[in-house]
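Student: Could you walk me through this structure? I'd like to go slowly and ask things as they come up.

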Amino acid sequence: MNSLFLVRAVAFNSFSESVRNRFFTLFAVFAFTAVYASVLAGVMAVDQESRVLADFGLALIELTALAYALFGASSALLKEAETKTIYLVFSRPVPRWAYLAGKLGGALLTAGLMLLIMAAMHLSLLAFRGFGPPPFYAWALAGTFLKLAVIVSFAFFVSLFSTSAVSTLVISSIMWTLGHFASEARFLAERLPGLKGTAVSVFLWLIPNLQLFNARDAAGAAAAPGPAVLLPAAAWVAASFLGSLWLLSRKEF
Amino acid sequence: MTAPAVAFSGVEKTYKRPRLLGAEYNTAVKGLSFEVRPGEVTGLLGLNGAGKTTIMKLITGLLFPTAGRVSVFGHSPADVAAKARVGFLPELPYFPPQVKPAAALAYYGRLSGLSGAELSLAVGSSMHRTGLEPHAGKRISEFSKGMLQRLGLAQALLHKPDLLVLDEPVSGLDPLAIHDIRALLAGLNAEGRAIFLSSHSISEVEKLASRVLIMVRGALAATVTRAQWEASPGGLEKLFVEAVK
């Protein structure tokens, strides 16, 4: 049997279930309200309205997409185990890696769709205020998606050993926050003396540097991240995937 | 020689529950050896906590034995070759409430390696055999417990398995649904499929099985054949009570 066929079946089923879930609509409505409420911040910015609307909107998109993606990822495997749906999957000839890849693919497809819906809302707001999309816009969305891919795969890994969806959510959120201070933390660790500095430096290399995907930071310097950032993103996703697979292959249901 | 549908040899399963200091161990089944022959209906009886569900999960590869060996048609239960020949109905199966039965079945059919016309045929046939066709237009959220159980059975039949592992297939169903499911299982057995079912209902097992395993606190207390319980004055119920007391 073609394993890729199984990955696709799990991914599309996961995507379809997530999109049909009421939380998808709730998050989309919340995003719509938040993005359109940012028009107030734009008005207060007077002659910098375009810039403020673009930055504010992209930040809201990233935070809402992160909340949605983490919410989904932290309960994806747990829910299937609790409802015993997983019995019907793993009693069939489905390799665990194919199931895991499918669930991860489904989560990323859903997060990508949510991102596109919010981007459409945001661009409609910019058009409504008479502005076009900023030049770095597509890269900003791509960067946000890469961050989501890294953190969602990490959440899958955590969900396989944590005791609840809430603890997965908290741990992954902490990782997301740390990931935005990775460079500063590494800089400080290099200044720590002796073994302590080495130990902290090694630990910090386990934290994904999410600053690499910040197109908004680079936009001011007119140097948006290039395709090279795909490599670290792929490496972190692969590392989390392999860790998850190691845990899942030993898990009993 | 044909490999047995299921073979347990000295199987033990101990659950480990991590605690703050150390761990707590609970042995669910121990020293378990038995065989299920191809085409045979074998019943599994026991009180709550006797290890029935653990045995079902060991056969379907959802649990790994702590000691001993489990084989399904001569393969490890984790092997794709074994799983392709097994259909499993867990107790109280769950399906996404917002979809229609054909969509849910199509998903599980794909996971069993079916696609295209073969998948459509398998979904249609499973719905027909389990009496779900009149309810094809309903969402699963509108299904009664009996209809959900039929759907559970339908997903287990999709890939025409040689062995059906059924955990409490008639639990909580009304008499008509029980009658229909019993007729369906008898029909499947007549096609040569082996059925391994657990139940709390002695009368149901008595009607379907040709052999019954009675579990007591994780150990096999007795194996009773149809001839034995038919010759016994109190039937299977009396033999069961004697075994578990």
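Tutor: We can take the sheet, the helices, the contact between chains and a few single residues in turn.

Student: What kind of model is this?

Tutor: This is a predicted model, so please read everything below as computed from that prediction.

Student: OK, the sheet in chain B. In what order do the strands run?

Tutor: The open sheet of chain B is built from 6 strands in the order β5-β6-β7-β3-β8-β9, and the pairing is mixed.

Student: Which strands stand at the edges?

Tutor: Those are β5 and β9 (219-225) of chain B, each of which has a single partner strand, so one side of each is left without a neighbour in the sheet. On average, and with direction ignored, neighbouring strands of this sheet are turned by 15° against each other.

Student: How do β3(B) and β7(B) pair?

Tutor: Strand β3 (residues 41-46) of chain B and strand β7 (residues 194-198) of chain B pair in the parallel sense over 4 bridges. As an example of one such partnership, Leu44(B) has Ser198(B) in β7(B) as its bridge partner.

Student: And which strands does helix α1 of chain B touch?

Tutor: Helix α1 (residues 52-59) of chain B packs on the sheet and touches β3, β6 (163-167), β7 and β8 (211-216) of chain B, while its direction makes about 150° with that of β6(B).

Student: Back to β5(B): are its faces covered or open?

Tutor: Both faces of β5(B) are covered, since Val86(B) and Phe88(B) on one side are buried, and Gly87(B) and Leu89(B) on the other are buried too. The strand β5(B) pairs with β6(B) in the parallel sense over 4 bridges, and within β6(B) it is Leu166(B) that serves as the bridge partner of Leu89(B).

Student: Now the contact between the chains. How many residues does each chain give?

Tutor: Chain B gives 23 residues to the contact and chain A gives 20 residues. On the side of chain B that touches chain A, at least two residues each come from α2 (80-83), β5 (86-89) and α3 (101-111) of chain B. The largest share of that side, 4 residues, is supplied by α3(B).

Student: What sort of residues are on that side of chain B?

Tutor: The side of chain B that touches chain A divides into 14 nonpolar, 7 polar and 2 charged residues.

Student: Switching to chain A: how do α6(A) and α12(A) pack?

Tutor: Helix α6 (residues 96-128) of chain A packs against helix α12 (residues 230-250) of chain A at an angle of about 130°, and their axes are 10 Å apart. That angle makes α6(A) oblique to α12(A), and the crossing of the two helices is right-handed.

Student: Which residues make that contact?

Tutor: From α6(A) there are Arg96(A), Trp97(A), Leu100(A) and Leu104(A), and from α12(A) there are Phe241(A), Ser244(A), Leu245(A), Leu248(A) and Ser249(A). By class, the contact of α6(A) with α12(A) has 6 nonpolar, 2 polar and 1 charged residues.

Student: Last topic: what is the phi of Lys84(A)?

Tutor: Lys84(A) has a positive phi of about 65° although it is not a glycine, and it lies in the loop between α4 (49-82) and α5 (85-90) of chain A.

Student: Why is Lys84(A) called partly exposed?

Tutor: Lys84(A) has 15 other C-beta atoms within 10 Å, and a residue counts as buried at 20 or more and as exposed at 12 or fewer, so Lys84(A) falls in between.

Student: And Phe73(B), buried or exposed?

Tutor: Phe73(B) is buried, with 21 other C-beta atoms within 10 Å. Phe73(B) lies in the loop between β4 (67-72) and α2 of chain B, and its phi is near 50°, a positive value in a residue other than glycine.

How values were computed. Residues numbered from 1 in each chain as written. Chains lettered and ligands numbered in written order. Predicted model: local features only at pLDDT ≥ 70, side-chain atom pairs only at ≥ 80, totals over all residues. Contact = placed C-beta atoms within 7 Å. Nonpolar A, V, L, I, M, F, W, Y, C, P; charged D, E, K, R; others polar. Axes fitted to C-alpha atoms, helices over the stretch in contact; angles between N-to-C directions. Parallel < 35°, antiparallel > 145°, perpendicular 65-115°, else oblique. Left-handed = near helix turned anticlockwise from the far one by under 90°. Pairing = 2+ DSSP bridges.
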